[in-house]
Amino acid sequence: MKKITTTEALADFCKEAAKRPYVTVDTEFLRERTYYSKLCLVQLAYQDENGEDAVLVDPLADGLSLEPLYDLYRDVGVVKVFHAARQDLEIFFVDAGVIPEPLFDTQVAAMVCGFGEQVGYETLVRKIAKADLDKSSRFTDWSRRPLTDAQSKYALADVTHLRDIYEFLSAQLDKSGRKKWVAEEMAVLKDPATYQADPDAAWKRVKTRTQSGRFLAIVRELARFREIYAQERNIPRSRVYKDDALVELASTKPQNEADLGRSRLLLREARRGDIAQGILKAVQDGVNVKPEDMPTVVNPRAKLQVNPALADMLRVLLKAKTDQEGVAQKLVATSADLDALAGGERDVPALKGWRREVFGHEALRMCDGLVGLAVKGQKVVTVTL
C-alpha cells in the first residue's frame with residue numbers, strides 16, 4: 001500500500017487523479033480534545049486502465065502541504081466522492097476555505113435510492129460491493145505513528161470499496177432520473193455557512209426551560225464567551241463549561257469568584273483565572289442588556305393549531321409515497337414538518353424542490369381536503385374526494 005509523506009508525491013498522485021472522472025476520498029481525524037478536528041490521515045483512490053490506485057496521505061508528515069489536494073478539489077472536471085461527507089468537508093473548509101466541487105455523497109445518494117435512513121458505509125459495502133469490513137481499527141488513535149498494517153488496511157477500505165458503491169449508485173440515479181435530487185442535497189454541503197460556527201448564535205444550541213428575555217440574554221453572553229474562548233484555544237466547549245453549568249450560571253447570576261465557588265456544576269478550572277473573569281463579565285453583560293435587545297425564542301409552529309388527525313394521515317401518506325418511490329422518509333419530511341403542514345404552515349422543506357414532487361404536492365391536496373387515503377391490496381393509495 002502506498003503512503004504519501006511529501007508534497008511532491010501528493011502532487012504527482014493528484015496530477016494523475018485529475019485525468020480521471022472521479023476520485024474517492026475519506027479522512028481519519030480526532031476531535032475529543034480539540035474544538036476543531038485534527039486531521040490525521042487522508043485516503044484517496046481512483047480507477048485507471050491498470051486497476052485501482054489508492055494511497056494514504058499523511059498530513060502529519062513534516063513539510064507536507066495539502067495544497068495539491070486542494071487544487072484537485074477545485075478541479076470541476078473531477079467528481080469528489082465521499083460517504084457522509086459533512087465532517088470531512090468541515091476539516092478542509094476550516095483548514096483552507098475550500099469545498100470540493102463537484103461533490104457526491106454516497107450516503108445521501110443511498111437514501112435517495114432506497115437504502116434507508118442514514119445508511120452506514122459498512123452496510124453499503126456489504127450490499128453493493130459484496131464484501132465485509134474489518135472494523136477493529138475504527139476507534140484507534142490515528143495521530144500515533146507509525147500506523148499499523150491493520151489501521152492502514154482499514155483506512156484504505158474506506159475508499160477502495162467506495163468506488164464500487166459510487167458507480168452503482170450513480171447508475172441507479174441515471175436510471176431513475178434522480179441525480180438532480182442528490183444535486184439539491186449537495187447544495188447544503190457546499191454552502192460555507194454549514195461549517196461556520198457563529199459565536200453570536202451559539203446560545204440557540206443551549207436547551208433551557210424558560211423563555212425569559214433576561215435569562216436568555218445571560219445565556220447568550222455566556223455561550224458567546226465560551227465559543228470564542230474554545231475557538232481561540234482550540235479546545236472543546238465542554239472543557240470551558242458544559243451546558244448544564246451554563247444554565248446554572250444564567251440562573252444564579254454570580255457576581256464574583258466567591259459566587260462561582262458555590263456552583264454545583266462548574267469545573268474547578270473555570271472558577272478562577274481567565275474563564276472565571278469571562279463568566280463574570282458575560283453575566284454582567286447579560287444583566288445589562290436593554291429590553292429591546294434581549295433575545296427571544298421564535299417558534300411560530302408552537303402557535304399553530306395542529307390537526308392531529310390530519311397529521312396522522314400525512315404520516316401515512318409520507319410512508320406510502322416514500323415506499324412507492326424507494327426513498328428514505330426522513331430525507332423527505334420530518335415529524336415536525338408534518339405537524340407544521342397539519343397546522344397550516346407552508347414554508348417547509350417538504351414543499352420544495354424534489355420533495356414536492358415526491359410528497360409535497362399530494363400532501364397539500366390532502367390538507368385542502370381534495371384527496372384521502374384508501375387501502376388497495378397491500379398498499380395505501382390516495383383517492384380523489
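Glutamate 90 counts as buried, at 12% relative accessibility; buried means under 20% relative accessible area, exposed over 50% and partly exposed in between, with a 1.4 Å probe and protein chains only. The residue is found in helix α3, where helices (H or I, at least four residues) and strands (E, at least two) are DSSP runs numbered from the N terminus. Not counting residues up to four places away in sequence, glutamate 90 touches Arg31 and Tyr195, a contact being heavy atoms within 4.5 Å. Glutamate 90 and lysine 38 are 52 residues apart in sequence, and their C-alpha atoms are 11 Å apart in space.

The model is predicted: local features need pLDDT of at least 70, side-chain atom pairs count only at pLDDT 80 or more, and totals for chains, interfaces and linings use all residues. Residues are numbered from 1 along each chain as its sequence is written, and side-chain values use heavy atoms, with hydrogens and water left out.

The chain as a whole contains 16 helices and eight strands. Its C-alpha trace spans about 70 × 70 × 35 Å along the principal axes. Of the 385 residues, 47% are buried. Among contacts between residues at least 6 apart in sequence, 62% join residues at least 24 apart. The domain assignment gives domain 1 (2–194), domain 2 (199–293) and domain 3 (308–384), with bounds that come from an automatic or database domain assignment. Between the C-alpha centres of domain 2 and domain 3 there are 42 Å.

Helix α2 (residues 67–74) has Pro68, Leu69, Tyr70, Leu72 and Tyr73 buried. These buried residues pack against α1 (7–17), β2 (22–30), β3 (38–48), β5 (79–82) and α3 (86–96). Glutamate 90 was placed in that last helix, α3.

Another acidic residue, aspartate 158, has its place in helix α6 (residues 149–176). Is aspartate 158 buried or exposed? Aspartate 158 is buried, because its relative accessible area is 8%. Leaving aside its neighbours within four places in sequence, aspartate 158 is in contact with Asp26, Glu28, Gln43, Tyr121 and Lys135.

Further along the chain, residues 212–293 carry the UniProt annotation "domain: HRDC", from an unreviewed entry; UniProt positions are given in the numbering used here, feature names are shortened, and annotations may be inferred rather than shown by experiment. Over residues 212–293 the chain is 67% helix and 0% strand, and the end C-alpha atoms are 13 Å apart.

Helix α10 (residues 243–252) holds glutamate 248. With a relative accessible area of 12%, glutamate 248 is buried. Outside the residues up to four places away in sequence, glutamate 248 touches Ser263, Arg264, Leu265 and Leu266. The buried residues of α10 are Ala245, Leu246, Glu248, Leu249 and Ala250. An α-helix has 3.6 residues a turn, so residues three or four places apart point the same way. The cover over the buried residues of α10 includes α8 (213–233), α11 (257–261) and α12 (273–287). After α10 comes lysine 253, whose phi is positive, near 50°.

Last come the surface and the charges. The chain exposes about 19,700 Å², of which carbon and sulfur atoms supply 49%; accessible areas come from the Shrake-Rupley method with a 1.4 Å probe, and for residues only the protein chains shown count as cover. There are 58 positive and 58 negative side chains, and the centres of the two sets lie 5 Å apart. Lys and Arg count as positive and Asp and Glu as negative, while His and the chain ends are not counted. The place of a charge is taken as NZ of Lys, CZ of Arg, CG of Asp or CD of Glu.
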